[in-house]
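Visitor: I am new to this structure. Could you walk me through it?

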Amino acid sequence: MERMAESRAPHGGERIMLKRFLANEFNILTARVFLGSLLLIASIDKIADPLAFARSIEDYQILSGPVVMVIATVLPWIELICGMAMVFGLLIPGAALLSGALLFVFTLAVLSALFRGLDISCGCFSQDPAAARIGWAKVGENVILTAVSAYLYFSPGIRFSLEHYLTNREKNP
Amino acid sequence: MTRFQTSWRESLAITVCAVILGFSYTFVQEKGLFAGPASARTASGQVSAAPQIIEIQEALNLYQSGNAVFVDARHEFDYKLGHIKGAVSLPLAEFAAKSEIVSSLPRNRPIVTYCDGAECSSSVELATLLMESGFTSVKVFFAGWNEWRNQGLPTAVKE
């Protein structure tokens, strides 16, 4: 009904097109799989070696002490669960809110390191100290991923998701 | 329930699961927080000690002894502009690509890594990689190139 009303509206065509593009179930699915896969990939190295990840966090010179180890223990699992939730389509708003918040904090950390002139590796996907150094490209990348999280948070579509399948099964057993 | 309340609850549930899984996994696997206190385990499971950080006086003593090999972890461009006299260039980013330099380093002499100074960590990271490659006497001159140059100690441009 809403779509029909929108299509009849004589003005604001571009806005409606953008709205339709964002509400398109296939676009939402693409965004979910894209962000979910990235989160899954990012979590693997960190889970495998929490100490190396803790070292990467310390390189930012923002946190130190036991809190770093706690973050290095928990954060990769948040990424893993959020990634799986997005790919399979469960708890999407929660996963999107959490990943958006994390990516926002990561962006601030990278920005702060850049402004302090730190020459460190990101620690984002690989814990290899010889991996790519942080730079403005990383800030851009994080901003885009935060925007994708926001998009998933606000998008209403849950088609092609486990949640959709489970809801339908409850309605039509 | 509003969207925010729902997503907030879901986020909390994900975080609680992550805390339980994270602590359980590291406990069972003896990783991270639950790794042995005196040793740092690498991804491959080898046990290695952390590289020793040294001050300028000790770096200078090692330099004057003529026994230590100084390794410059900065980019080659910076090395060409100026480096500790006699230092070998081994940029951290090219560690894997320059394996011939790594294998040419003496294993029976102390190795001292350095980068620009306190604002960089590549000296520590390079030292860790060297220790993981089997070098046992690796030290980090953390104050690095800036301190060495400020003290007016021997430097060279691309040799």
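What follows is a set of short questions and answers about this predicted model.

Visitor: What pattern does chain A follow along its sequence?
Guide: Start with the elements. Chain A has eight helices and zero strands. Read along the sequence, the pattern is therefore a run of helices by the DSSP assignment. Written out, it is α-α-α-α-α-α-α-α.

Visitor: What percentage of the residues in chain A is buried?
Guide: A residue counts as buried under 20% relative accessible area. Chain A has 173 residues to sort by that cut-off. The buried share is 44%.

Visitor: How much area does chain A expose?
Guide: Carbon and sulfur atoms supply 70% of the area that chain A exposes. The exposed area itself is about 9,200 Å².

Visitor: What share of the contacts in chain A with a separation of 6 or more comes from residues 24 or more positions apart?
Guide: Take the contacts in chain A with a separation of 6 or more. Then pick those between residues 24 or more positions apart. They account for 70%.

Visitor: How much area do chain B and chain A bury between them?
Guide: The contact takes 35 residues from chain B and 34 residues from chain A. Of the area they bury, 68% is on carbon and sulfur atoms. The area is about 2,900 Å².

Visitor: Which three residues supply more than any other three of the area that chain B buries against chain A?
Guide: Look at the chain B side. Three residues there supply 20% of the area that chain B buries against chain A. They are R3(B), E10(B) and I14(B).

Visitor: How many salt bridges are there between chain B and chain A?
Guide: Side chains of opposite charge can pair when their charged atoms come close. Between chain B and chain A there are four residue pairs in polar contact. The count of salt bridges between the two chains is zero.

Visitor: Which element gives the largest share of the side of chain B that touches chain A?
Guide: Three elements give two or more residues to this side: α1 (3-29), β1 (40-41) and α5 (122-132) of chain B. The largest share is 16 residues. It comes from α1(B).

Visitor: How many residues on the side of chain B that touches chain A are nonpolar?
Guide: The residues on this side divide into three classes. Eleven are polar and six are charged. The nonpolar count is 18.

Visitor: What separates E141(A) and K138(A) in helix α7 of chain A?
Guide: Their side chains meet in a salt bridge, 2.7 Å from N to O. E141(A) is partly exposed at 31% relative accessible area, whereas K138(A) counts as buried at 12%. Both lie in helix α7 (residues 136-154), three residues apart. The separation is therefore about one helical turn.

Visitor: Is K98(B) buried or exposed?
Guide: The side chains of K98(B) and E94(B) meet in a salt bridge, 3.2 Å from N to O. E94(B) is partly exposed, with a relative accessible area of 28%. K98(B) has 16% relative accessibility, so the residue counts as buried.

Visitor: Which residues do salt bridges that share partners join into one network?
Guide: D72(B) forms a salt bridge with R74(B), with the closest N and O atoms 2.8 Å apart. D72(B) and R74(B) are both buried. Shared partners join the residues of the network, which are D72(B), R74(B) and D116(B).

Visitor: How many salt bridges are there over all chains?
Guide: The rule asks for a side-chain nitrogen of Lys or Arg within 4 Å of a carboxyl oxygen of Asp or Glu. By this rule the count over all chains is six.

Note on methods:
Residues numbered from 1 in each chain as written. Chains lettered and ligands numbered in written order. Predicted model: local features only at pLDDT ≥ 70, side-chain atom pairs only at ≥ 80, totals over all residues. Heavy atoms only, no water. Contact = heavy atoms within 4.5 Å. Buried area = accessible area lost by both parts, 1.4 Å probe. Polar contact = N/O pair within 3.5 Å; in protein donor to acceptor, adjacent residues only side chain to side chain. Helix = DSSP H or I, 4+ residues; strand = E, 2+ residues; numbered from the N terminus. Nonpolar A, V, L, I, M, F, W, Y, C, P; charged D, E, K, R; others polar. Buried < 20%, exposed > 50% of the residue type's maximum accessible area, 1.4 Å probe, protein only. Areas by Shrake-Rupley, 256 points an atom, 1.4 Å probe, with all protein chains shown as cover.
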